[in-house]
Amino acid sequence: MKTECQFGLFDDVSASLPRSERLVFTPQSDDPDRPPISHIRHYLTSRQQQLLLGECASYPFSSPAVTVFGKSHPIPRQQVWFADAGCEYRYSGLLMAPMPWPHYAGRLLNQLNRELGPAPGREFNGCLVNRYRHGSDAMGFHADDEPELVSDAMVAIVSLGQSRPMLFRRNRDGLKYRLLLQAGDLLLMHPPMQSLWQHAIPKSRRALDERVSFTFRAILPFYHRPADD
Ligand SMILES: O=C(O)CCC(=O)C(=O)O
Ligand SMILES: [Fe+2]
């Protein structure tokens, strides 16, 4: 059946590879001048990318306004927060209520948790999806270090659409590192990346097509709102 076949696409990714080659659980390089990351090219097949991109067309994206130096501006990109119940996330000063997982985003969540874990308390349970419509959409330097994030958990980023570079900047001395993120790639940011480095998706003056990133996080549930008793 068509539907079963589509579900299967997300169950079988990289199933034929030996486990050690499927994903890297520690940074790919121990060079202290490189950020502690793993970059896995072609993590998703083009069919999987197509299915996810198709689903994105129905996501309730928005560009909420943030206040910087007393002035309010819409963020230069669109976003939506999918997460388990109780997983509110305060990002750039905005408290985001979790939207329920769409089908393929939920399949990708399960796949990552299966391949990267399970590590109790460190499973991904939320995903900020960012949509960069063109070269002027961007994300400034920041660290994903909000207090509701599980402290020793990774952040996993799956890229779709237009290739865009990610810049890394070391807090201590401003040392830079650049990595091109291409369609279907998976990037893992390992601890202690968020306390030693910042990262950004810079603006480009070139006419660029749309890029969508799925950024998976592990959140402490009910951090912002106690569970109902
Ligand atoms: O779009 C990306 O690849 C990075 C997004 C990011 O850094 C974030 O959502 O915190
Ligand atoms: Fe980030």
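Student: What share of the 229 residues in the protein chain is buried?
Tutor: Buried residues make up 30% of them. Keep in mind that this is a predicted model.

Student: What makes Cys-87 buried?
Tutor: Count the C-beta atoms. Cys-87 has 24 others within 10 Å. The cut-off for buried is 20 or more, so Cys-87 qualifies.

Student: Where is Cys-87, and which residues does it touch?
Tutor: Cys-87 sits in the loop between β4 (78-83) and β5 (89-91). Leaving out residues up to four places away in sequence, Cys-87 touches Pro-98, Asn-125, Gly-126, Ile-219 and Pro-221. Trp-101 is 14 residues from Cys-87 along the chain, and their C-alpha atoms are 12 Å apart.

Student: Why is Pro-100 called exposed?
Tutor: Pro-100 has 10 other C-beta atoms within 10 Å. Exposed means 12 or fewer, so Pro-100 is exposed. Its place is in the loop between β6 (94-96) and α4. Ala-83 is 17 residues away in sequence, with a C-alpha to C-alpha distance of 6.3 Å.

Student: Why does Ser-204 count as partly exposed?
Tutor: Its count is 16 other C-beta atoms within 10 Å. Buried needs 20 or more, exposed needs 12 or fewer. A count of 16 falls in between, so Ser-204 is partly exposed. Ser-204 belongs to the loop between β13 and β14. Ser-136 is 68 residues from Ser-204 in sequence and 6.1 Å from it in space, C-alpha to C-alpha.

Student: Is Gln-198 in a strand or in a loop, and what makes it partly exposed?
Tutor: Gln-198 lies in strand β13. It has 19 C-beta neighbours inside 10 Å. Buried starts at 20, so Gln-198 stays partly exposed. Neighbours within four places in sequence aside, Gln-198 contacts Phe-141, His-142, Ala-143, Arg-169 and Asn-171. The C-alpha atoms of Gln-198 and Asp-144 are separated by 8.3 Å, with these positions 54 residues apart along the chain as the separation.

Student: What is notable about the phi angles of His-42 and Phe-69?
Tutor: Both are positive. His-42 has a phi of about 55° although it is not a glycine. Phe-69 has a phi of about 50°, and it is not a glycine either. His-42 is in the loop between β1 (37-40) and α3. Phe-69 is in the loop between β2 (65-68) and β3 (71-74).

Student: Are these residues buried or exposed?
Tutor: Phe-69 has 5 C-beta neighbours inside 10 Å. The limit for exposed is 12 or fewer, so Phe-69 is exposed. His-42 has 13 such neighbours. That count is over 12 and under 20, so His-42 is partly exposed.

Student: What is the geometry of the peptide bond from Pro-191 to Pro-192?
Tutor: It is cis, with omega near 5°. Pro-192 lies in the loop between β12 (186-189) and α5 (193-196).

Student: How do helices α3 and α4 pack?
Tutor: Helix α3 (residues 46-56) and helix α4 (residues 103-116) meet at an angle of about 135°, and their axes are 8 Å apart.

Student: Why is that called oblique?
Tutor: Roughly perpendicular covers 65 to 115 degrees, and roughly antiparallel is over 145. About 135° fits neither range, so α3 is oblique to α4. Leu-51, Leu-52 and Glu-55 make the contact from α3, and His-103, Tyr-104, Ala-105 and Leu-108 make it from α4. These residues divide into five nonpolar, one polar and one charged.

Student: Which residues touch the most other members of the largest nonpolar core?
Tutor: The core has 45 residues, and the answer is Leu-108, Cys-127, Ala-156, Phe-214 and Phe-216. Helix α4 gives the largest share of this core, six residues.

Student: Which strands each supply at least two residues of the shell around ligand 1?
Tutor: They are β7 (126-132), β13 (197-201) and β14 (211-217). The residues around ligand 1 include Leu-128, Asn-130, His-199, Ile-201, Ser-213 and Thr-215.

Student: How do the residues of the shell divide by type?
Tutor: Six are nonpolar, four polar and one charged. Asp-144 is among the residues around ligand 1. Asp counts as charged.

Definitions and conventions:
Residues numbered from 1 in each chain as written. Chains lettered and ligands numbered in written order. Predicted model: local features only at pLDDT ≥ 70, side-chain atom pairs only at ≥ 80, totals over all residues. Near = placed C-beta within 6 Å. Helix = DSSP H or I, 4+ residues; strand = E, 2+ residues; numbered from the N terminus. Axes fitted to C-alpha atoms, helices over the stretch in contact; angles between N-to-C directions. Parallel < 35°, antiparallel > 145°, perpendicular 65-115°, else oblique. Contact = placed C-beta atoms within 7 Å. Core = buried A, V, L, I, M, F, W, Y, C linked by C-beta atoms within 7 Å.
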